[in-house]
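Grab a pencil and have a go at these exercises before you peek at the solutions. Each one asks you to look something up in the structure and then reason about it in small steps.

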Amino acid sequence: MTAFGVDPIRYTSYGMPRYPEYRPRRLRRTAALRNLVRETVLAPSQLVLPLFVRSGSGVRTAVSSMPGVFQTSVDELLIDARAAAAVGVGGVLLFGIPDHKDAEGSGAWDDEGPVQRAVRALKTELPQLVVITDVCMCEYTDHGHCGILRNGEVDNDATLDLLVRESLSHARAGADVVAPSDMMDGRVGVIRDALDDAGFENTSILSYAAKFASAFYGPFREAAESTPQSGDRRGYQMDVANTNEALREALQDIEEGADMIMVKPAGPFLDIVSRVKTETGYPLAAYQVSGEFAMIHAAAERGWIDLERAMMESLIGIRRAGADVVITYFAREAAALLLSSYSPPQAVPR
Ligand code: PBG
């Protein structure tokens, strides 16, 4: 016996019983027992579906590297959003593909642009769905970088004004949340100030706080037509090796007025999700990006893994690490599966 009255041979140092007293398998024997003690829950309302919108009508163009993902016009987008809302998906995240691109990405703040028109349509037709807009220049610039170029480099401070214009245009359209994904320093603060000055004090900011310069964005760049024409994004997105820096980015964005913060990608960065959540306690989103989605699909297509199981395991893992909100191209399928596996309480015979 130790000073704490615990037998050190039969019990671990913190008083946990050892085998054979403790048999973890006892609580795994039936589905009912497993459900009872399950620690992490995934609900459709926690899922956000990214959607790609362009001009026109009746447009539905498949993204070859992302099965089930399309570029659509606003009318078609409403069909997809309605289907997502019908299975309880919590929100949508909009990306726009403009008709014309230029050096400063002026299409981004066109009040008649595809994103702005989609926001207005969604807020009229499906007011219960949270509408988040991605705020970035890369879809709108002819060079594909996330801001204005000067001497071959993205000019941080000159880009801030463009992001403000884009955010205000999204807010005017009625976006619930604007989500800057550009990784310029100081953008959350200037966007918050501008929104407040224009009377949009209730428009939320979800900042892509820790966005890494990842190899897993490849398929997205086909979907959003936003591949940089030269160079890469390492000059503004984070080095994938850094964790202290991710925390500083998150804290800085919170200080500047972010209501929610994001870690992206999700799967290869679950340690960052966990650390940012435990150290900030802020509402946290994690983005399961296009490459993560494409990999699961590609392996399933070859019969190497089971699509549904891998999808659900990847999503519950992101929640377990500490994300409150999961942004995923699987949102609709996962929500439908969650609904079909949920059995409502039955009348109990007496
Ligand atoms: C735009 C943006 C990107 C993604 C979201 N917003 C691409 C990038 O930074 O190149 C990636 C999303 C995905 O891969 O699913 N700045």
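Below are four exercises on a predicted model, each followed by a worked solution.

**Exercise 1. The ligand and its neighbours**

Find out which residues come nearest to the ligand, and how the shell around the ligand divides into nonpolar, polar and charged residues.

Solution.
- Step 1: Start with the neighbours. There are 18 residues around the ligand, and the ones that come nearest are Arg-221, Gln-237, Lys-264, Ser-290 and Tyr-329.
- Step 2: Sort the shell by class. You should get 10 nonpolar, 3 polar and 5 charged residues.
- Step 3: Now look for polar contacts, using a cut-off of 3.5 Å between N or O atoms. Arg-221 has a polar side-chain atom 2.6 Å from a ligand oxygen. For Lys-211, an N or O atom of the side chain is 2.8 Å from an oxygen atom of the ligand. Ser-181 places a polar side-chain atom 3.2 Å from a nitrogen atom of the ligand.
- Step 4: Check how much of the ligand is covered. On its own the ligand has 400 Å² of accessible area, and the protein covers 100% of that.

**Exercise 2. The space the ligand takes**

Work out what kind of space the ligand takes, and which residues lie nearest the centre of that space.

Solution.
- Step 1: Count the cavities of 30 Å³ or more. The structure holds 1.
- Step 2: Match the ligand to a space. The ligand takes up the largest cavity, and the volume of this cavity is about 120 Å³.
- Step 3: Read off the lining. It is made by 18 residues, with Lys-211, Tyr-217, Phe-220, Arg-221 and Lys-264 nearest the centre of the cavity.
- Step 4: Sort the lining by class. That gives 8 nonpolar, 4 polar and 6 charged residues.

**Exercise 3. The largest pocket**

Say which helices each supply at least two residues of the lining of the largest pocket, and which helix gives the largest share.

Solution.
- Step 1: Get the basics. The largest pocket has a volume of about 1100 Å³ and a lining of 26 residues.
- Step 2: Go to the centre. Arg-34, Asn-35, Arg-38, Thr-40 and Ile-316 are the lining residues that lie nearest to it.
- Step 3: Assign helices. Helix 1, helix 10 (307-321) and helix 11 (331-341) each bring at least two residues, and helix 10 has the largest share with 6 residues.
- Step 4: Sort by class. The lining of this pocket has 14 nonpolar, 4 polar and 8 charged residues.

**Exercise 4. Backbone oddities**

Which residue that is not a glycine has a positive phi, and where are the cis peptide bonds from Tyr-19 and Lys-264 placed?

Solution.
- Step 1: Recall the usual picture. Most residues other than glycine have a negative phi, and most peptide bonds are trans.
- Step 2: Spot the phi exception. Asn-151 has a positive phi of about 55 degrees, and Asn-151 sits in the loop between strand 6 (149-150) and strand 7 (153-154).
- Step 3: Take the bond from Tyr-19 to Pro-20. This one is cis, with omega near 10 degrees, and Pro-20 belongs to the segment before helix 1 (31-37).
- Step 4: Take the bond from Lys-264 to Pro-265. Here the bond is cis with omega near -10 degrees, and Pro-265 is in the loop between strand 10 (260-264) and helix 8 (270-280).

Technical notes. Residues are numbered from 1 along each chain as its sequence is written. This is a predicted model: local features need pLDDT of at least 70, side-chain atom pairs count only at pLDDT 80 or more; totals for chains, interfaces and linings use all residues. Side-chain values use heavy atoms; hydrogens and water are left out. A residue is near a molecule or strand if one of its heavy atoms lies within 4 Å of it. A polar contact is a pair of N or O atoms within 3.5 Å; within protein, one must be able to donate a hydrogen and the other to accept it, and residues adjacent in sequence count only if both atoms are side-chain atoms. Accessible areas come from the Shrake-Rupley method with a 1.4 Å probe; for residues, only the protein chains shown count as cover. On a 1 Å grid over the protein atoms alone, a cavity is a set of points where a 1.4 Å probe fits but cannot get out, and a pocket is an open set with protein on both sides within 12 Å along at least five of seven lines; lining residues have an atom within 4 Å of a point. A molecule sits in a cavity or pocket if more than half of its atoms lie within 2 Å of its grid points. Ala, Val, Leu, Ile, Met, Phe, Trp, Tyr, Cys and Pro count as nonpolar, Asp, Glu, Lys and Arg as charged, and the others, Gly among them, as polar. Grid points are joined across faces, edges and corners, and a volume is the space filled by probe spheres set on the points. Helices (H or I, at least four residues) and strands (E, at least two) are DSSP runs, numbered from the N terminus.
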